[in-house]
Amino acid sequence: MRATVIMAVALVVISCKHRIKEAEELDLDQTPAQVVDNMFVVQTDKGRMQMRTEAPVMERYQNDTLEWELFPKGFVVYAYDEEGRLETRIEADKARHTKPTKSTNGNPEVWAAYGNVVVKNLIREETMETDTLYWDRDKEKIYTDCYVRLISPQGMMQGYGMESDQRARNSVLFRAFNNYGLVEQDTTKITIDTVNFIGPLQKK
């Protein structure tokens, strides 16, 4: 009987030591504190819809100085104008939202979208495509230093770097390429002037 008790205690001690070792090896910075599936967030002001965010998965992390959220399977953001109409749609393969904890000051809140970022202003019928896009929430603007292609009913432009208000109403393209393109009305076909066009052509 005594030998059985001693053996049982030994097994418990060994099991606990194994679990303690696993806990010590666990990197909490790489382990989400919260995981949300099928995230759906709505932002309103006095009952009026301002923004809607949807994501298949949201992972929240935290350490002593930072809190951040990852969207490893992408997200879609919908923004509405002052009259409640859906105006802007932003979609990306991945995204990250970082903000400092209350114990630290001075670091800004950062939203970043990565991979096949597409921004559409549905009212102006304009589309912007890039690889990385940042959102400054305080200044209410979006921007990037990456390659950008802007397509509108009036034509197409491309370059490196862009800045706009957060609803993509007034996009300013930096370091534009010497190019020229016309979008045929009511179609998705783009006619490229290959004499003046410099840069990658559209995939067919």
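What is the mean pLDDT of the protein chain, and what share of its residues reach 70 or more? This is a predicted model, and the mean comes out at 76, with 69% of the residues reaching 70 or more. Confidence is highest in strand 5, at a mean of 93, and lowest in strand 12 (residues 181-183), at 45. Two stretches have a pLDDT below 50. Over residues 5-14 it is below 50, and that stretch has zero contacts in the model beyond near neighbours in sequence. Residues 181-204 are also below 50, but there the model shows 44 contacts beyond near neighbours. Where pLDDT is low, the predicted coordinates should not be read in detail.

**The overall layout**

Now for the chain as a whole. You'll find one helix and 13 strands in it, and the helix comes at the start of the pattern, followed by the strands. Of the 204 residues, 33% are buried. The chain exposes about 13,600 Å², and carbon and sulfur atoms supply 53% of that. Take the contacts between residues at least 6 apart in sequence: 37% of them join residues at least 24 apart.

**Strands 7, 8 and 9**

Let's follow the chain through two hairpins. Strand 7 covers residues 110-121 and runs antiparallel to strand 8, joined to it by nine bridges. Here Asn121 stands opposite Glu126 of strand 8. Strand 8 then pairs with strand 9, again in the antiparallel sense, over seven bridges. In that pairing, Tyr134 faces Tyr143 of strand 9 as its opposite number. The two turns look like this:

| Hairpin | Residues between the strands | Residue with positive phi |
|---|---|---|
| Strand 7 and strand 8 | four residues | Glu125, near 60° |
| Strand 8 and strand 9 | four residues | Glu140, near 55° |

**The nonpolar core**

Which residues touch the most other members of the largest nonpolar core? They are Phe71, Phe75, Val119 and Leu133, out of 23 residues in that core. The elements giving two or more residues to it are strand 2 (48-62), strand 4 (75-80), strand 5 (86-92), strand 7, strand 8 (126-136) and strand 9 (141-152). Strand 7 gives the most, with four residues. In soluble globular proteins, nonpolar side chains tend to be buried together.

**Two neighbours, Val118 and Val119**

Val119, from that core list, has contacts that include Thr88, Arg89, Ile90, Leu133, Ile142 and Ala168, leaving aside residues within four places in sequence. What about Val118: how much of its relative accessible area is left? The value is 25%, so Val118 is partly exposed, since buried would need a value under 20%. On the same terms, Val118 is in contact with Arg89, Ile90, Glu91, Thr127, Met128 and Glu129. One of these partners, Glu91, is 27 residues away along the chain, yet the C-alpha atoms of Val118 and Glu91 are separated by 5.3 Å. As a general point, in a regular strand the side chains alternate between the two faces of the sheet.

**A polar residue: Thr98**

Over in strand 6 (residues 94-100) sits Thr98. Is Thr98 buried or exposed? Its relative accessible area is 14%, which is under 20%, so Thr98 counts as buried. The side chain of Thr98 makes a polar contact of 3.0 Å with the side chain of Arg96. Not counting residues up to four places away in sequence, Thr98 also touches Leu66, Glu67, Trp68, Pro108, Glu109 and Val110.

Technical notes. Residues are numbered from 1 along each chain as its sequence is written. This is a predicted model: local features need pLDDT of at least 70, side-chain atom pairs count only at pLDDT 80 or more; totals for chains, interfaces and linings use all residues. Side-chain values use heavy atoms; hydrogens and water are left out. Buried means under 20% relative accessible area, exposed over 50%, partly exposed in between (1.4 Å probe, protein chains only). Contact means heavy atoms within 4.5 Å. A nonpolar core is a set of buried Ala, Val, Leu, Ile, Met, Phe, Trp, Tyr and Cys residues joined through side-chain atoms within 4.5 Å. A polar contact is a pair of N or O atoms within 3.5 Å; within protein, one must be able to donate a hydrogen and the other to accept it, and residues adjacent in sequence count only if both atoms are side-chain atoms. pLDDT is the predictor's confidence in each residue, from 0 to 100. Two strands pair if DSSP finds at least two bridges between them. Accessible areas come from the Shrake-Rupley method with a 1.4 Å probe; for residues, only the protein chains shown count as cover.
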